[in-house]
Amino acid sequence: MPKDIPESQAVCNDITRSAIFMVATVAEGEEPAEQVRAWCGDVAALVRSVGKRVPSGNLSCVVGFGSDVWDTLFGAPRPACLHPFREFGEGERRAVRTPGDILLHIRADQMDLCFELATQLIGRLGAAVTVVDEVHGFRNFDLRSMVGFVDGTENPVGREAVDFTRIGDEDAGFEAGSYVIVQKYLHDMTGWNALSVETQERIIGRTKLSDIELDEAVKPSCSHSSLTTITGNGEEVKILRDNMPFGRPGMGEFGTYFIGYARSPEPIEQMMENMFVGRPPGNYDRLLDYSRAVTGGLFFVPSATLLEALADRDPQAAAVVEQRPEAPSSAEPRLDGSLNIGSLKGISQHE
Ligand code: HEM
């Protein structure tokens with residue numbers, strides 16, 4: 001790849017057998033911020049060191065940063081669409097926002113690789129961070145989600161996966177970055193398993209054993225696959241998911257860690273609104289009658305090139321540049337729906 005084209009982090013890597021999802025908050029003060037910045041320059045080398053021990057293990061790590069911490073760590077400019085996680089729904093059916101400044105998405109075909117890398121990365125951050133959530137996910141048979149249906153079938157692949165997740169020239173300085181939304185779900189498996197397979201299939205919108213999409217004539221408009229199918233400018237807008245089941249049977253814990261990547265948070269937010277509020281409102285995703293979101297976070301994933309360069313960022317110096325009249329405001333991400341992303345403007349719906 002030519003030197004001036006930034007390289008993405010391992011966002012589009014193939015689905016693996018194991019994953020660790022870690023969300024951490026950064027302690028207040030200049031010292032922790034400095035430590036996190038220095039760490040940004042160490043991540044790639046640590047992934048290389050641990051990964052080389054099992055070359056066939058497909059070890060990778062994606063690092064993301066939350067809205068609240070960006071200015072403290074890196075100052076201006078900031079990614080155009082980076083804002084706090086938006087909540088949707090109410091009462092029992094709510095996409096909640098929970099604290100989180102740094103996301104680590106560690107993947108490999110062996111849990112020992114994930115475990116070792118997580119240990120090294122978190123060890124290097126030391127007291128600068130507090131881990132607020134850690135989930136160890138596993139592959140469940142033939143990519144079955146915790147609710148027993150194959151998960152990931154409609155993911156974009158190859159060139160399409162890159163196009164849907166890689167920021168282009170719509171946000172100068174942040175090219176080859178991505179946005180990622182995570183939510184930890186806990187399932188009521190007793191309730192779910194009491195449903196007939198036919199009812200479950202109408203909720204997901206696909207057949208359970210053979211994983212075939214239900215015929216339009218029988219697929220309800222509130223099915224999970226209908227509500228998460230959206231279009232923009234007449235074209236389907238996809239996201240890239242790498243969900244993993246997790247749990248502790250002895251504790252009655254059965255979960256799905258949802259993780260979705262896109263080149264703007266907007267399509268993922270639209271899908272969440274459709275699921276939690278409904279399309280139209282009230283026509284919500286019945287999967288949520290058996291699944292409760294207990295965490296929620298939105299993070300910006302810098303390109304690998306920028307991640308390394310962030311180690312040398314001086315947030316104060318960058319802020320001076322930001323004060324020039326032509327520079328965009330760092331304090332106010334564009335929350336008005338004009339996300340400045342030509343290809344995603346005018347997202348609409350279709351079933
Ligand atoms: C309880 C958590 C969830 C579970 C168990 C789950 C499971 C599934 C399953 C089994 C499928 C069908 C196979 C496939 O195409 O992957 C699917 C499709 C999909 N899900 Fe989820 N999902 C969850 C949450 C979410 C969330 C929060 C979003 C987005 C905000 C989402 C977005 C999608 C999309 C875009 C598709 C593909 C739809 C299509 O093109 O047909 N899912 N999910």
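Author: Let's start with burial: a residue is buried if 20 or more other C-beta atoms lie within 10 Å of its own, exposed if 12 or fewer, and partly exposed in between. This is a predicted model, and 43% of the chain's 351 residues count as buried.

Reader: Okay, and how many helices and strands does the chain have?

Author: Eleven helices and 15 strands. For a feel of how the chain connects up, take contacts between residues at least 6 apart in sequence: 78% of them join residues at least 24 apart.

Reader: How should I read a nonpolar core, and which residues of the largest one touch the most other members?

Author: The general idea first: in soluble globular proteins, nonpolar side chains tend to be buried together. Here the largest nonpolar core has 83 residues, and Leu104, Leu117 and Val180 touch the most other members. Strand S1, residues 18-26, gives the most to this core, with seven residues.

Reader: Which residues does leucine 104 touch, leaving out those up to four places away in sequence?

Author: With those left out, Leu104 touches Met22, Cys61, Val63, Ala118 and Leu121.

Reader: Now helix packing. At what angle do the axes of H2 and H4 cross?

Author: In general, two packed helices are described by the angle between their axes and the distance between the axes. For H2 (residues 43-51) and H4 (residues 111-125), the axes come within 10 Å and cross at roughly 145°. The crossing is right-handed. On the H2 side you'll find Val43, Leu46, Val47, Val50 and Gly51, meeting Leu113, Glu116, Leu117, Gln120 and Leu121 of H4. By class, that contact has seven nonpolar, two polar and one charged residues.

Reader: Let's try a single residue. Why does glutamine 35 count as partly exposed?

Author: Because glutamine 35 has 18 C-beta neighbours inside 10 Å, and a residue needs 20 or more to be buried, while 12 or fewer would make it exposed. Glutamine 35 is found in helix H1, residues 30-40. Not counting residues up to four places away in sequence, Gln35 touches Leu125, Gly126 and Ala128. As for valine 129, it lies 94 residues from glutamine 35 in sequence, yet 9.5 Å away in space, C-alpha to C-alpha.

Reader: Last one, the ligand. How many residues surround the ligand, and which are the closest?

Author: There are 26 around the ligand, and the closest are Phe149, Glu154, Ser225, Thr228 and Met271. Strand S7 (178-187), helix H8 (224-227), strand S12 (253-262) and helix H9 (266-276) are the elements that give two or more residues to this shell. Sorted by class, the shell has eleven nonpolar, eleven polar and four charged residues.

Note on methods
Residues numbered from 1 in each chain as written. Predicted model: local features only at pLDDT ≥ 70, side-chain atom pairs only at ≥ 80, totals over all residues. Core = buried A, V, L, I, M, F, W, Y, C linked by C-beta atoms within 7 Å. Helix = DSSP H or I, 4+ residues; strand = E, 2+ residues; numbered from the N terminus. Contact = placed C-beta atoms within 7 Å. Near = placed C-beta within 6 Å. Nonpolar A, V, L, I, M, F, W, Y, C, P; charged D, E, K, R; others polar. Axes fitted to C-alpha atoms, helices over the stretch in contact; angles between N-to-C directions. Left-handed = near helix turned anticlockwise from the far one by under 90°.
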